[in-house]
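I sat down with a fresh page to look through this one. Here are my notes, in the order I took them.

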Amino acid sequence: MKKRVPRVGDKVRFYFGKHPIIGQVREDRGPLGIGGRHLYEIVYERGEGNVYIVELPAEEFEIIDPKKEEA
Amino acid sequence: MPSTALLQWRGARAAVLDEIEAAHALVGGTGLGRRYATQQLNRAYALLLSSEFQGLCRDLHSECVTVIVASTPAATQALSQAQYLWGRQLTRGNPQSGAIGSDFGRLGVVFWDEVCALHAQHQRRRELLDELVTWRNAIAHNDFDPAVFGPNPTLHLVQVRAWRRALNLLAEAFDSVMYNYLTGLLGAAPWPP
């Protein structure tokens, strides 16, 4: 199944090595990645109130389906 | 070929700024009303110019970080990228020359030294950038310090155009500096030459 294009507000999962991190897409940064890949700014928290950002192409994170999350 | 950030500066970002130029030309008449209207347009133009230049700098920084991070082990890429982006002033702040130098400096380049080494006029253009940001802040906060702006601060179109010309040349220089720096650092061109 083809992955859908990420949208602002999507909850996503990416990895620090083997550690999964949950974050939220805050902005489509445009085709700034290698080979013109779109980058997405993802904001995430590590410990209460410690907010960080990463900018990743869509291949490097997965969108969390809110329906599956509720189940 | 330049970075995507520079292509966007020359393309979509320039088009946005040109719209203000076009609006300026449409304000007709020669009376006092026109002077008030164009003054507001000139201030809007300065705000937009500052904002678009911040966007260029932030985009170029992101492009450079992505290239550097891609040269590190896959398992640590997200981690090292988070470090480069931590506290980046260009993410939310104004494109003051100090902020630009600080953010790019974290990539290992003595940024403004390299930019100013490219052309004798770039130091003056750096001063013009900071002048624009000073105006931008005064406009955005409606706080014109009489000691800086005088009793009746007026912004002329010719001044905004001069800032824009300076930023156009700085944008080209930023691209060149980072292209050369990253090519030397990584042994390969960061984007197609």
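**A helix across two strands**

I began where the two chains meet: H3(B) lies across S1 and S4 of chain A, and its direction makes an angle of about 120° with S4(A). A reminder to myself that this is a predicted model.

**The side of chain B that touches chain A**

Next I looked up how many residues are in contact between the chains. I found 16 residues of chain B in contact with 16 residues of chain A. On the chain B side, helix H1 (4-26), helix H2 (32-70) and helix H3 (77-85) each supply at least two residues. Which helix gives the most to this side of chain B? H2(B) does, with six residues. I also sorted the chain B residues that touch chain A by character, and they divide into nine nonpolar, five polar and two charged.

**The sheet of chain A**

Then I turned to the strands. Chain A has an open sheet of five strands, in the order S4-S3-S2-S1-S5, with antiparallel pairing. Its edge strands are strand S4 (51-57) and strand S5 (62-63) of chain A, each of which pairs on one side only.

I went through some of the pairs:

- Strand S1 (residues 11-16) of chain A runs antiparallel to S5(A), and two bridges join them. Here Val12(A) has Ile63(A) of S5(A) as its bridge partner.
- S1(A) is also joined to strand S2 (residues 19-30) of chain A, by six bridges and again antiparallel. In this pair, Arg13(A) stands opposite Ile22(A) of S2(A).
- S2(A) pairs with strand S3 (residues 39-45) of chain A over six bridges, in the antiparallel sense. Gly23(A) has Tyr44(A) of S3(A) as its bridge partner.

I paused at the turn between S1(A) and S2(A). These strands form a hairpin with two residues between them, and Gly17(A) in the turn has a positive phi of about 60°.

**The largest nonpolar core**

Last, I asked which residues of the largest nonpolar core touch the most other members. The core has 48 residues, and the ones I wanted are Ile42(A), Leu49(B), Leu132(B) and Leu167(B). H2(B) contributes the largest share of this core, eleven residues.

I picked Leu49(B) for a closer look. Setting aside neighbours within four places in sequence, I found Leu49(B) in contact with Leu17(B), Leu132(B), Val160(B), Trp163(B), Arg164(B) and Leu167(B). Two of the names in that list, Leu132(B) and Leu167(B), I had already written down for the core.

Terms used: Residues are numbered from 1 along each chain as its sequence is written. Chains are lettered from A and ligands numbered from 1 in the order in which they are written. This is a predicted model: local features need pLDDT of at least 70, side-chain atom pairs count only at pLDDT 80 or more; totals for chains, interfaces and linings use all residues. Two residues are in contact if their C-beta atoms, placed from the backbone, lie within 7 Å. Helices (H or I, at least four residues) and strands (E, at least two) are DSSP runs, numbered from the N terminus. Ala, Val, Leu, Ile, Met, Phe, Trp, Tyr, Cys and Pro count as nonpolar, Asp, Glu, Lys and Arg as charged, and the others, Gly among them, as polar. Two strands pair if DSSP finds at least two bridges between them. Axes are lines fitted to C-alpha atoms, for helices over the stretch in contact, and angles run from 0 to 180 degrees between N-to-C directions. A nonpolar core is a set of buried Ala, Val, Leu, Ile, Met, Phe, Trp, Tyr and Cys residues joined through C-beta atoms within 7 Å. A residue is buried if 20 or more other C-beta atoms lie within 10 Å of its own, exposed if 12 or fewer, and partly exposed in between; C-beta atoms are placed from the backbone.
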